[in-house]
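Colleague: Please take one part of this model and go through it closely. I would like the cut-off behind each term as you use it.

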Amino acid sequence: MCGDAQNNIKFEDAMKRLEEIVKSLEEGNLSLDEAIDLYEEGIRLSKLCNEILRSVEKRVVLIEKLNGEYVEDDITNDIYGGLGQKE
């Protein structure tokens with residue numbers, strides 16, 4: 001999967017592909033080149049999923065702020081690193 005295709009992939013599809021990659025790597029029937037290519041793809045997909053999740057988290061915080069439901073405390077600060085606190 002090339003970089004442009006990965007940028008347009010849905011979160012659910014990226015997670016499914018990640019699961020396939022992990023399964024293939026765990027089976028251990030790959031050549032070193034195949035394994036490293038899958039590992040590289042997995043890292044890219046993992047990074048993409050993290051970016052999507054961060055974006056969704058920001059959106060949830062914004063929605064909560066707009067509805068007066070956002071509660072700032074040490075736990076949310078630790079989990080989200082102050083996400084939404086400085087926007």
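Modeller: What follows is a close look at helix 3, its charged pairs and its nonpolar side chains.

The model is predicted, so local features need pLDDT of at least 70 and side-chain atom pairs count only at pLDDT 80 or more, while totals for chains, interfaces and linings use all residues. Residues are numbered from 1 along each chain as its sequence is written, and side-chain values use heavy atoms, with hydrogens and water left out.

Helix 3 covers residues 32-66. Helices here are DSSP runs (H or I, at least four residues; strands are E, at least two), numbered from the N terminus.

I begin with the charged pairs. A search of the whole structure finds four salt bridges, a salt bridge being a side-chain nitrogen of Lys or Arg within 4 Å of a carboxyl oxygen of Asp or Glu. In one of them, arginine 17 meets glutamate 41 with N and O 2.9 Å apart. This pair joins distant parts of the chain, since arginine 17 sits in helix 2 (residues 11-27) and glutamate 41 in helix 3, 24 residues apart. Glutamate 41 counts as buried because its relative accessible area is 6%, whereas arginine 17, at 23%, is partly exposed. The classes are buried under 20% relative accessible area, exposed over 50% and partly exposed in between (1.4 Å probe, protein chains only). Arg17 and Glu41 also belong to a network of salt bridges that includes Glu20.

Two further pairs lie within helix 3. Glutamate 40 and arginine 44 form a salt bridge with their closest N and O atoms 3.9 Å apart; four residues separate them, about one turn of the helix. Both are partly exposed, glutamate 40 at 45% relative accessibility and arginine 44 at 33%. Further along, arginine 54 pairs with glutamate 57 at 3.8 Å, N to O. These two are about one helical turn apart because three residues separate them in helix 3. Arginine 54 has a relative accessible area of 39% and glutamate 57 has 24%, so each is partly exposed.

Next come the nonpolar side chains. The largest nonpolar core has eight residues: Ile9, Ala14, Leu18, Ile21, Leu38, Leu45, Leu48 and Cys49. Helix 2 and helix 3 each supply at least two of them, and the largest share, four residues, comes from helix 3. A nonpolar core is a set of buried Ala, Val, Leu, Ile, Met, Phe, Trp, Tyr and Cys residues joined through side-chain atoms within 4.5 Å. In soluble globular proteins, nonpolar side chains tend to be buried together. Isoleucine 21, one of the core residues, touches Leu38, Glu41, Gly42 and Leu45, leaving aside residues up to four places away in sequence. Contact means heavy atoms within 4.5 Å.

Helix 3 also has nonpolar residues on the surface. Leu25, Leu30, Ile36, Tyr39 and Ile43 form a nonpolar patch with about 430 Å² of accessible area together, and helix 3 gives three residues, the largest share. Patch residues have over 30% relative accessible area and no salt bridge; like charges are joined within 9 Å, nonpolar side chains (Val, Leu, Ile, Met, Phe, Trp, Tyr) within 5 Å. Accessible areas come from the Shrake-Rupley method with a 1.4 Å probe, and for residues only the protein chains shown count as cover. Tyrosine 39, which lies in helix 3, is partly exposed at 49% relative accessible area.
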